[in-house]
Amino acid sequence: MTRPEDTKVPVLQMFGYGMQHILSMFGGVIAVPIIVGGAAGLSAGDQALLISCALFVSGLATVLQTIGVPFFGSQLPLVQGISFASVSTVLTIVAGAENGEIGLRTVLGAVIVAALIGLVIAPFFSKVVRFFPPIVTGSIITVIGLSLMPVAARWITGQEMVGGQPNPDYLDVGNIGLAMFTLLAVLILTKIPRVSRLSILLGLVVGTVVALLFGKADVDGVGDAAIVAAPTPFAFGAPIFAVGAILSMTIVILVIMVETTADILAVGEVVGTKVDTKRVGDGLRADMISSAVAPIFNTFPATAFAQNVGLVAMTGIKSRFVVAVGGGVLALLGLSPLLASIVGVIPLPVLGGAGIALFGTVAASGIRTLGKVNYDNNNNLVIVAVTLAFGLIPVVASDFWDEFPEWFVTIFHSGISAASIVAVVLNVFFNIVRPGTPPDPSIVAAGPAVMVREDEAEVLGDGGHYEGGEPKTGRTNGNPADVTGDE
């Protein structure tokens, strides 16, 4: 039986769907090099180099993750991009160096070593997959969606301060109106059967055209960009290996591995496919090898982008080959500053308007997974409640953990990693470790995205269908070994 992610799509459609994935995450990819380049005091040309390198590595990492080779790649429709989780640590390392260039070289050296450490421990790290039953995955997916909403909001409103000065466009009514118009266009296009699966792409095009008409899009830099410019390896010099920077970056890599695990499980739920320990391990190894190679091309750790999970859920296009084509386009954008600048014309408010639908869809997918869980005569409601709370603390109070040790802040400042840790620990405490009773190995032995009864067919991770396509109406108490209901 063909896996949903192995579905083939006509070439022209594949390109269109792939472009949707690229456009929906483009702003997130270029944000990291822009922030780091500014903090390091790089020239405009060097910042453009950082952006091109980020696009190039993200594209290659996406192809590896989706197509896969032995031991590398989850073969799921996951877009890879430069991780925002590393920004805080990167800025700290840069600030502590003699100058921006030395700081950048120290960062790149730390990323290489930390990613290689992550590559070594990936097979062991993937074993935690058995601790991710639906109550855990559902809670984490919901947190992923909700924690992304501030990203969409910031794209729309802009930052209050830019370069230490008040931003005159902050909370601009015109930008908010542009975002709402884009969202409306996406919703209307979603209603039209023949174009619904391209609603995000077409919505972004419509929103950008309107932005151009009202002077809300900037095209000044497009004509000055070079047509082709290959990334230069180690353009800023040889990497510097500093123990302190390496230790800090290793903690970041562990956080990225937690987030990647959650994203792999999330997209497995959305696609409705089997995600086992091996697949998670292959995905983590692809993540780590991409992150280890990234510094060679002057960029930072690459990881799965959660926002694209929402696009898979919203469009229903589950083919990994679509995302692979998108990855190829992303790599080409990294080789062509001209093409990258054209895509960069899309205003952030337009991306934010589409992001409201995309990120909300991720949260809704998590709620759907939580709908399979039985909340009667157990503590599952407490698990969900506390997990959501810890996952959203960094969203509603970004400085909540600031007075704690740096390693603790790095972990819990990410809502996704905080939610993952809390959900797993609470599920083990309430559902696996029972007073006077040793832990039942059968409860933690099965994979999280596939619930199995030995005498029945596999139940896919979306909780709604057997592998053979028959409906499933029963619920689970949150443990993959317990499946009840009418067959």
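With which residue does Arg-3 form a salt bridge? In this predicted model, the partner of Arg-3 is Asp-6, and the closest N and O atoms of the pair are 2.7 Å apart. Arg-3 is partly exposed, with a relative accessible area of 28%, whereas Asp-6 counts as buried at 18% relative accessibility, because buried means under 20% relative accessible area. The pair belongs to a network of salt bridges that links Arg-3, Glu-5, Asp-6, Arg-279 and Arg-320. The count of salt bridges comes to 8.

The protein has 487 residues, of which 54% count as buried. Its secondary structure consists of 17 helices and 4 strands. Among the contacts with a separation of 6 or more, 80% are accounted for by residues 24 or more positions apart. The exposed area of the protein is about 19,900 Å², and carbon and sulfur atoms supply 67% of that area.

In soluble globular proteins, nonpolar side chains tend to be buried together. The largest nonpolar core of this model has 102 residues. Leu-55, Val-107, Ile-144, Met-249, Phe-300 and Leu-333 are the residues with the most contacts inside this core. Helix α8, residues 243-271, gives the largest share of the core, with 15 residues. A second core, separate from this one, has 8 residues, including Val-255, Phe-408, Val-409 and Ala-418.

With residues up to four places away in sequence not counted, Phe-300 touches Val-32, Val-36, Ile-82, Ser-86, Leu-104, Val-107, Leu-108 and Ala-294. Leu-108 is also one of the residues touched by Pro-295, along with Val-111, Ile-112 and Phe-234, again leaving out residues up to four places away. Pro-295 lies in the loop between α9 (277-293) and β4 (302-304), and its relative accessibility of 0% makes it count as buried. Although Pro-295 and Leu-108 are 187 residues apart along the chain, their C-alpha atoms are separated by 5.0 Å.

Another buried loop position is Ser-74, which has 1% relative accessibility. Ser-74 is found between α2 (44-67) and β1 (80-82). Outside the residues up to four places away in sequence, Ser-74 touches Gln-65, Arg-279, Asp-282 and Gly-283. Of these contacts, Arg-279 is also a member of the salt-bridge network described above.

Two further salt bridges involve loop residues. Lys-216 is bridged to Asp-172, with the closest N and O atoms 2.7 Å apart. Lys-216 lies in the loop between α7 and α8, and Asp-172 lies in the loop between β3 (165-166) and α6 (173-191), so the bridge ties together parts that are 44 residues apart in sequence. Both side chains belong to partly exposed residues, with a relative accessibility of 33% for Lys-216 and 22% for Asp-172. A salt bridge also joins the side chains of Glu-269 and Lys-372, at 3.9 Å from N to O. This pair links distant parts of the chain, 103 residues apart: Glu-269 is in helix α8, and Lys-372 is in the loop between α13 (348-370) and α14 (380-396). Glu-269 and Lys-372 are both buried.

Helix α16 (residues 415-432) has 18 residues, which should span 26 Å at 1.5 Å a residue. The C-alpha atoms at its ends are 24 Å apart, so the helix agrees with the expected span. Helix α16 is mostly covered, with 13 of its 18 residues buried. Glu-406, in helix α15 (residues 406-412), counts as partly exposed at 48% relative accessibility. The C-alpha atoms of Glu-406 and Ile-251 are 9.7 Å apart in space, while the two residues are 155 residues apart in sequence.

On the surface, Val-205, Val-209, Leu-213 and Phe-214 make a nonpolar patch of about 440 Å². One of these residues, Val-209, is found in helix α7 (residues 199-213). Val-209 has a relative accessible area of 42% and is therefore partly exposed.

Key
Residues are numbered from 1 along each chain as its sequence is written. This is a predicted model: local features need pLDDT of at least 70, side-chain atom pairs count only at pLDDT 80 or more; totals for chains, interfaces and linings use all residues. Side-chain values use heavy atoms; hydrogens and water are left out. Patches are made of residues with over 30% relative accessible area and no salt bridge: like charges are joined within 9 Å, nonpolar side chains (Val, Leu, Ile, Met, Phe, Trp, Tyr) within 5 Å. Accessible areas come from the Shrake-Rupley method with a 1.4 Å probe; for residues, only the protein chains shown count as cover. A salt bridge is a side-chain nitrogen of Lys or Arg within 4 Å of a carboxyl oxygen of Asp or Glu. Helices (H or I, at least four residues) and strands (E, at least two) are DSSP runs, numbered from the N terminus. Buried means under 20% relative accessible area, exposed over 50%, partly exposed in between (1.4 Å probe, protein chains only). Contact means heavy atoms within 4.5 Å. A nonpolar core is a set of buried Ala, Val, Leu, Ile, Met, Phe, Trp, Tyr and Cys residues joined through side-chain atoms within 4.5 Å. The expected span of a helix is 1.5 Å times one less than its number of residues.
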